[in-house]
Structure formats: C-alpha cells, structure tokens
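User: Can you walk me through this structure? Short answers are fine.
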Amino acid sequence: MTHALLVIDVQNDFCPGGALAVADGDKIVPAINARMTADTTVILTQDWHPAGHSSFASQHPGKAPFEVTQMPYGPQVLWPDHCVQGSDGAAFHPALAVDRAQLILRKGNHQAIDSYSAFFENDHQTPTGLHGYLQTLGIDRLTLVGLATDFCVNFSAVDAARLGYAVTVDTGLCRAIDLDGSLTQAMDGMCAAGVRIT
Ligand code: VGL
Ligand code: ZN
C-alpha cells in the first residue's frame, strides 16, 4: 500500500460553533468518511495545544485575534484560544469516522511554537515524526483533505511535496479560513510546490 489519506484537523473548534470556526467546516465530514475506503491508509491530525499556547492572542497583551506578530521563528498569526488539549473543542467532529484511522498525529503541543504542518512545526525544522512513519510504511502518495485549506492543509501539502511525496489536495473536501487573501496565496504556493489540486 503506497497511498494514504491525510485528514487534517477535522475538530470541533474548526467547525461552526467552535472557537476558530471555519465556514461549513462540518459539511465535508460525510464525504471525507466516504473517502476512507477499505484499501486506504487513513491518518488523522489533531491540533493539540497546551492552555496558554503562544499562538493564542490572549497571551500577547495588546494583540487581538487574527493580528500577526513576530516570533523567533518568523511571523505568526495570533488565534483565538482553540484546540486546547483534552477540551471538547479539540475533539474530532463527532461524525468523523475516527475508528478508521491507523494513526492520529497530534501537533502544536509545544508551548513556544505553532505547528500548522503535519510534518514540521512553524520553524520549518522541528519534525513531527510523520515523514519517518510514512517512509517506514513505504507510502509515497498522499491525498490531503480537511481544515483549513489555507493554513494546516496548505502547510502540510507544501511540506509533503518538498519531501518528495506525490501530493493531491482535494479542495472539495477542504474548507478555508481565508484571512486577507490567505486562500489565494495558499493556492498559488501549493501549485508552485507541485501539489495537484482537484
Ligand atoms: C489551524 C489555525 C490555527 C488549522 C490550526 O488547522 O488550519 N489554523 N491552528
Ligand atoms: Zn492551532
């Protein structure tokens, strides 16, 4: 088996009613479940922050959610508190077929650094371990779906392409935050990295 379906961050906080709700984030769940065919290796990622994480605007006096600040590793969008470890918001959407997953990869668990990508934290250096896992299994083709198109899906897809995987992002099974043109920028970046967009 050389292909895996990588389902990014389909969690309550990214769905309507959640702390960092993505419009229609919940609408993609049935179609994602349908893509988990019997012959597909399914990997889920889960945004998983400690309380008071450095990506939260609440930790930066004078800053509001969705403003950008400078971190030691580069610019960082500041978010509402979201996906706090063990909270309901961090749980997967209740309709997601979690039992089909072979691996659940948690990311963003280090206090001082955010991690959009499933492969590297936002310093683009600290690995999550996913590359080693996929290599060990001989997986070389990835299909990415989930939330949000312009952040965690985008960063994961670009990193995967750079690591040499054949990457497809199925945008019908993704939804975006779209902050100040971030979706257009993400699409351009993914195309430039050689990601196939369907
Ligand atoms: C995400 C912002 C902050 C995502 C995670 O899953 O796209 N976006 N944390
Ligand atoms: Zn996050």
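User: Where is Asp180 in the chain?
Analyst: Asp180 sits in the loop between strand 7 (166-175) and helix 4 (182-192). Helices (H or I, at least four residues) and strands (E, at least two) are DSSP runs, numbered from the N terminus. One caution: this is a predicted model, where local features need pLDDT of at least 70, side-chain atom pairs count only at pLDDT 80 or more, and totals for chains, interfaces and linings use all residues. Residues are numbered from 1 along each chain as its sequence is written, chains are lettered from A and ligands numbered from 1 in the order in which they are written, and side-chain values use heavy atoms, with hydrogens and water left out.

User: Is Asp180 buried or exposed?
Analyst: Asp180 is exposed, because its relative accessible area is 78%. Buried means under 20%, exposed over 50%, and partly exposed in between (1.4 Å probe, protein chains only).

User: What is phi for Asp180?
Analyst: Phi is near 50° for Asp180, a positive value in a residue other than glycine. Cys83 also has phi near 50°. Cys83 lies in the loop between strand 4 and strand 5. Cys83 counts as buried because its relative accessibility is 0%.

User: Now the metal. Which residues hold the zinc ion (ligand 2)?
Analyst: Its protein donors are Asp47 (OD), His49 (NE2) and His82 (NE2), at 2.0 to 2.2 Å. Donors are N, O and S atoms within 2.8 Å of the metal (3.2 Å for Na, K and Ca); water is not among the atoms, so sites may look incomplete.

User: Where do the two histidines sit?
Analyst: The donors follow the spacing D-x1-H-x32-H along the chain. The pair links distant parts of the chain, 33 residues apart: His49 is in the loop between strand 2 (41-47) and strand 3 (68-71), and His82 is in the loop between strand 4 (74-77) and strand 5 (103-107). His49 and His82 are buried.

User: Why is the zinc arrangement called irregular?
Analyst: The four donor atoms subtend angles of 89 to 169°, so the arrangement is irregular. Four donors count as tetrahedral if all angles lie between 85 and 135 degrees; four count as square planar and six as octahedral if opposite donors are over 155 degrees apart and all others between 65 and 115; anything else is irregular.

User: And ligand 1? Which residues are around it?
Analyst: Among them are Asp9, Phe14, Trp79, Phe151 and Ile177. Asp47 and His82 are also around ligand 1. A residue is near a molecule or strand if one of its heavy atoms lies within 4 Å of it.

User: How far is Asp9 from an oxygen atom of ligand 1?
Analyst: A polar side-chain atom of Asp9 lies 2.6 Å from an oxygen atom of ligand 1. For Ala148, a backbone N or O atom lies 3.0 Å from an oxygen atom of ligand 1.

User: What about the peptide bond before Ala148?
Analyst: The bond from Leu147 to Ala148 is cis, with omega near -15°. Ala148 lies in the loop between strand 6 (141-147) and helix 3 (149-162).

User: Zoom out. How many helices and strands are there?
Analyst: The chain has four helices and eight strands. From the N terminus they run β-α-β-β-β-β-α-β-α-β-α-β. Its C-alpha trace spans about 50 × 35 × 30 Å along the principal axes.

How values were computed: A polar contact is a pair of N or O atoms within 3.5 Å; within protein, one must be able to donate a hydrogen and the other to accept it, and residues adjacent in sequence count only if both atoms are side-chain atoms.
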